Amino acid sequence: MSTQRFGIALLLILGFFAVLAYMLYAGWPAEQVSLMIGALIGSFVRAPQWYLDSSPGSERKTELLAQAGPVPPPMEVIK
């Protein structure tokens with residue numbers, strides 16, 4: 001796995017919790033803090049897919065596309 005992906009994921013998670021801690025410390029309304037927690041729960045559903053890739057087939061597809069070479073331009077349409 002890429003160190004760059006790990007760094008970005010770690011930065012996003014730490015930043016999110018820092019904002020959440022600030023909201024709790026500053027006394028923001030409970031509704032807004034609840035929305036922030038809901039966003040965190042929703043993001044944890046997608047985070048593993050992004051970090052670990054959506055599927056092994058996706059990596060295989062990328063390899064095949066890299067081997068395919070350039071795509072020729074479309075033929076002109078004769079009018």
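On the surface of this predicted model, Phe6, Leu10 and Leu14 make up a nonpolar patch whose accessible area comes to about 290 Å² together. Leucine 10 belongs to helix α1, residues 3-26, and is partly exposed, with a relative accessible area of 39%.

Helix α1 also has a buried side: Ala9, Phe16, Leu20 and Met23 are its buried residues. The length of the helix checks out nicely, because at 1.5 Å a residue its 24 residues should span 34 Å, and the end C-alpha atoms are indeed 34 Å apart. Just past α1 comes glycine 27, with a positive phi of about 80 degrees.

Now to the interior. Phe16, Leu20, Met23, Val33, Met36 and Leu40 form the largest nonpolar core, which has 6 residues. At least two residues of this core come from each of α1 and α2 (30-52). Methionine 36 is a handy residue to click on: leaving aside residues up to four places away in sequence, it touches Phe16, Val19, Leu20 and Met23. In soluble globular proteins, nonpolar side chains tend to be buried together.

How many salt bridges does a search of the whole structure find? There is 1, and it joins arginine 60 to glutamate 63, with the closest N and O atoms 3.6 Å apart. Both residues sit in helix α3 (residues 56-68), and because they are 3 residues apart, about one helical turn separates them.

Here are the partly exposed residues discussed above, side by side:

| Residue | Relative accessible area |
|---|---|
| Leucine 10 | 39% |
| Arginine 60 | 44% |
| Glutamate 63 | 35% |

How values were computed: Residues are numbered from 1 along each chain as its sequence is written. This is a predicted model: local features need pLDDT of at least 70, side-chain atom pairs count only at pLDDT 80 or more; totals for chains, interfaces and linings use all residues. Side-chain values use heavy atoms; hydrogens and water are left out. Patches are made of residues with over 30% relative accessible area and no salt bridge: like charges are joined within 9 Å, nonpolar side chains (Val, Leu, Ile, Met, Phe, Trp, Tyr) within 5 Å. Accessible areas come from the Shrake-Rupley method with a 1.4 Å probe; for residues, only the protein chains shown count as cover. A salt bridge is a side-chain nitrogen of Lys or Arg within 4 Å of a carboxyl oxygen of Asp or Glu. Helices (H or I, at least four residues) and strands (E, at least two) are DSSP runs, numbered from the N terminus. Buried means under 20% relative accessible area, exposed over 50%, partly exposed in between (1.4 Å probe, protein chains only). The expected span of a helix is 1.5 Å times one less than its number of residues. A nonpolar core is a set of buried Ala, Val, Leu, Ile, Met, Phe, Trp, Tyr and Cys residues joined through side-chain atoms within 4.5 Å. Contact means heavy atoms within 4.5 Å.
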